[in-house]
Amino acid sequence: MNGTLRNCRLATVAFLLVCAVPPPAAAQEFVCWPIARGDTAPRLAHRLTGNSAAAYTAAFQIRDPARRMFVPKSQYRNLKAGWQACVANTARPVPSAIVPEAPAITSAPLKRTAEPVPLSWARWPSDAVLAAWTAASFLFIVICTAVAVSLAPNPIPPPLQHAGDAFVNAFARPLVDPGSNGPPIQTRLRFIRRKQQLEISIAPGHGRRYPNLADHKRNVEYDVTRVMGVLGDRLVVSDRLRAAGKWVVVPIRLAGVKQTGVK
């Protein structure tokens with residue numbers, strides 16, 4: 001179980017890393033120009049593409065040369081001098097010269113300090129990213145589904161369910177106190193599929209101390225033997241009694257069913 005949960009955590013990390021890869025919006029060549037102090041994304045987009053609304057499309061990007069990466073569009077309100085405005089070659093022909101806007105722009109006009117060079121690093125392997133993202137997503141879903149199934153309680157077969165209910169009733173009957181409104185014991189049932197056995201967990205009712213293996217081990221063993229005799233030879237105790245916190249665990253199985261998973 002620990003190994004399965006560990007694999008699920010690893011798959012989750014891989015899934016998040018794949019999801020963190022920028023979408024292949026940059027899966028094309030860009031031509032870039034330096035940004036001057038005071039420039040804004042809409043004005044730059046208008047100068048380079050003729051449409052200020054293009055600032056928030058995939059064909060227009062702001063690049064940070066120092067980090068060699070495109071700046072998230074959420075940071076377009078705070079452009080820094082030294083960054084670059086980039087336009088995809090497929091968006092429109094790259095202008096051979098930048099014409100400054102009207103004097104309403106107080107910043108220095110964009111100037112081409114060098115012949116723009118297509119950003120070869122901006123070519124993202126979109127097919128590989130998509131394949132990796134799909135594989136990681138599928139692996140994440142499969143592993144987490146397997147974990148959920150393994151953690152879900154196994155349904156108890158009807159014969160063992162009836163046997164468990166009969167065991168609980170027979171065990172509790174002598175312990176009933178007419179002067180008490182509460183049940184004499186607490187119980188829970190759990191089916192172990194690989195062993196084909198039912199674990200009957202019994203704990204003292206509110207304000208009581210019996211049953212427990214610390215103080216009443218022989219009495220508990222006697223009561224279990226008594227109850228098994230009442231239920232007949234169709235059931236057997238498949239393993240020794242054990243304590244699990246406040247609970248006494250009694251494993252039983254049908255006498256005609258071969259037990260598996262134990263030596």
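1. Surface. In this predicted model, the protein chain exposes about 15,900 Å². Carbon and sulfur atoms supply 58% of that exposed area. As for the interior, buried residues make up 33% of the 263 residues in the chain.

2. Element order. The protein chain contains 5 helices and 9 strands. Read from the N terminus, these elements follow the order α-β-α-β-β-β-α-α-β-β-α-β-β-β.

3. Contacts along the chain. Among contacts in the protein chain with a separation of 6 or more, 63% are between residues 24 or more positions apart. The disulfide described next also links distant parts of the chain.

4. The disulfide. A search of the whole structure returns 1 disulfide. Its partners are Cys-32 and Cys-86, with an S to S distance of 2.0 Å. Cys-32 lies in strand S1 (residues 30-34) and Cys-86 in strand S4 (residues 84-88), so the pair is 54 residues apart and, within the 2.5 Å cut-off for sulfur atoms, qualifies as a disulfide. The link of Cys-32 and Cys-86 is right-handed, with 110° about the S-S bond.

5. Setting of the two cysteines. Are Cys-32 and Cys-86 buried or exposed? Both are buried. On the S4 side, Cys-86 shares one face of the strand with Gln-84 and Ala-88, and these residues are buried as well.

6. Enclosure of S4. Why can S4 be described as largely enclosed by the rest of the structure? The description holds because 5 of the 5 residues of S4 are buried. Both faces of the strand are covered: Gln-84, Cys-86 and Ala-88 are on one side, while Ala-85 and Val-87 are on the other.

7. Pairing of S4 with S1. The strands that carry the two cysteines are also paired with each other: S1 and S4 run antiparallel and are joined by 5 bridges. Within this pairing, Phe-30 has Ala-88 as its bridge partner in S4. Ala-88 is one of the buried residues on the face of S4 that includes Cys-86.

8. Pairing of S4 with S2. Which other strand is paired with S4 in the antiparallel sense, over 4 bridges? That strand is S2 (residues 60-64). Here the bridge partner of Phe-60 in S4 is Val-87, a buried residue on the side of S4 that also holds Ala-85.

9. Overall reading of S4. Strand S4 thus brings several features together: antiparallel pairing with S1, antiparallel pairing with S2, a disulfide cysteine at Cys-86, and burial of 5 of its 5 residues.

Key
Residues are numbered from 1 along each chain as its sequence is written. This is a predicted model: local features need pLDDT of at least 70, side-chain atom pairs count only at pLDDT 80 or more; totals for chains, interfaces and linings use all residues. Side-chain values use heavy atoms; hydrogens and water are left out. Buried means under 20% relative accessible area, exposed over 50%, partly exposed in between (1.4 Å probe, protein chains only). Two strands pair if DSSP finds at least two bridges between them. Contact means heavy atoms within 4.5 Å. Accessible areas come from the Shrake-Rupley method with a 1.4 Å probe; for residues, only the protein chains shown count as cover.
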